[in-house]
Structures are given as C-alpha cells and as structure tokens.
Amino acid sequence: SFNLKKSYEELEEKVIERTADLVKSQATLTTVLSNAPLILFSADTNGIITLSEGQSLSLIGIKSGQAVGVSMYEMYEDNPEVLNAIKSALNGEIKILKIQLEQFTFEVNCSPLYNINNKIIGLISLYFDVTENLKAQEIIRSEKEKSDRLLLNILPEKIANELKENGF
C-alpha cells in the first residue's frame, strides 16, 4: 500500500511537471507565431479555422485568434483559386499560390495536416507578405528597361546587345 501510494505521488508529480512544460511550450509557440511576419491558419477537414496567428494578420484587419471558428470556404468564397487550394490540401496535395488581400500580396502555402496515423485531419495555410519584394522587383525591372534604352541611345544596337550579354 505504501509503495503504491508513493508510486501514485511520483506519477502525479510527473504529470504536473509535464503539464507545466506543455503550457510553457504552448506559450512559447504562441509568442513566436504572434510575432512572426506571416499569417498562419489551420483548419479542420470542414475548413473551419482552428488557429489564426501571425504578425501580418493586422495587415488584413484581423486580430490574433479572431478568425477561429470561421469557415475558410466562406472567407474565400469569391476566390476560386484559394478554394481549390483548400480542397487540394484536404486531398493530400500541397498548393502554393499568390493572392491579393487588401492592398497586400501574399504567397500562400496550403498543405495537408496529418495525425500520427497519417490521416488528414485538416490543413495549414501559411501566408507570406511578398508585397515589398514585388515592388522591389518592379523597380529593378523598370530601372533595367531605362538602362537598356539609354544604352541603345548611345551605342549601335549590335554593340549594346553584346555589352548586355557579355558585360564587356
């Protein structure tokens, strides 16, 4: 009886320690996700959001956790490309696409979420804000066009093309 009581107390102590570790890990994960420059949605197999985190949520007017319980199908009812990505993820495929939300452009990775038995239990969508990258690419493209036009104004076309190709 004494040994059984002692074993029970040790087991109870381990449960308390592991629960504390789990709570700490969950708090750390929430902090990391809340401060990450992205949006993370997870949803169940019905497309109902179970987690919404990420610093970029504020870009589209959503607070952390505010989208929980919302249907992704309703949220994106006007965007067939996103709806297709959601369905694909729930069928085991990974889809990557670019979408426009408000005045921002996001690269979205929509992936299936599996349980320990390798059964699909939902999906995870990661949204990366690529707005600034796209603006920078457009500026670079525009400046390259200006540079090319200037080169053609100064040099004959054949020599200008050779310079662009070989860098001499």
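Me: How many aromatic pairs does the count come to?
Reply: This is a predicted model, in which local features need pLDDT of at least 70, side-chain atom pairs count only at pLDDT 80 or more, and totals for chains, interfaces and linings use all residues. Residues are numbered from 1 along each chain as its sequence is written, and side-chain values use heavy atoms, with hydrogens and water left out. Rings of Phe, Tyr and Trp (its six-membered ring) pair if their centres lie within 6.5 Å, and planes under 30 degrees apart count as stacked, over 60 as edge-to-face and the rest as tilted. By this rule, the number of aromatic pairs is 2.

Me: What kind of aromatic pair do phenylalanine 41 and tyrosine 127 form?
Reply: Happily, two values settle this one. The centres are 5.4 Å apart and the planes make an angle of 85°, so by the ring rule (over 60 degrees) the pair is edge-to-face.

Me: How many residues apart are the partners of this pair, phenylalanine 41 and tyrosine 127?
Reply: Helices (H or I, at least four residues) and strands (E, at least two) are DSSP runs, numbered from the N terminus. Phenylalanine 41 sits in strand S1 and tyrosine 127 in strand S5. The pair thus links distant parts of the chain, and the separation is 86 residues.

Me: Is tyrosine 127 buried or exposed?
Reply: Buried means under 20% relative accessible area, exposed over 50%, and partly exposed in between (1.4 Å probe, protein chains only). Phenylalanine 41 has 0% relative accessibility, so this partner counts as buried. Because its relative accessible area is 1%, tyrosine 127 is buried.

Me: How many residues apart in sequence are the parts tied together by phenylalanine 106 and tyrosine 127?
Reply: This edge-to-face pair has its centres 6.2 Å apart and 75° between the planes. Phenylalanine 106 lies in strand S4 and tyrosine 127 in strand S5, so the parts tied together are apart by 21 residues.

Me: Which element gives the most to the largest nonpolar core?
Reply: A nonpolar core is a set of buried Ala, Val, Leu, Ile, Met, Phe, Trp, Tyr and Cys residues joined through side-chain atoms within 4.5 Å. The largest has 26 residues, and Phe41, Phe106 and Tyr127 are among those with the most contacts inside it. Two or more residues come from each of S1, H3, S3, S4 and S5. With 6 residues, the top contributor is H3.

Me: Which glycine follows H3?
Reply: Helix H3 spans residues 80-90, and its buried residues include Val82, Leu83 and Ile86. The phi of the glycine after H3 is positive, near 95°, and that residue is glycine 92.
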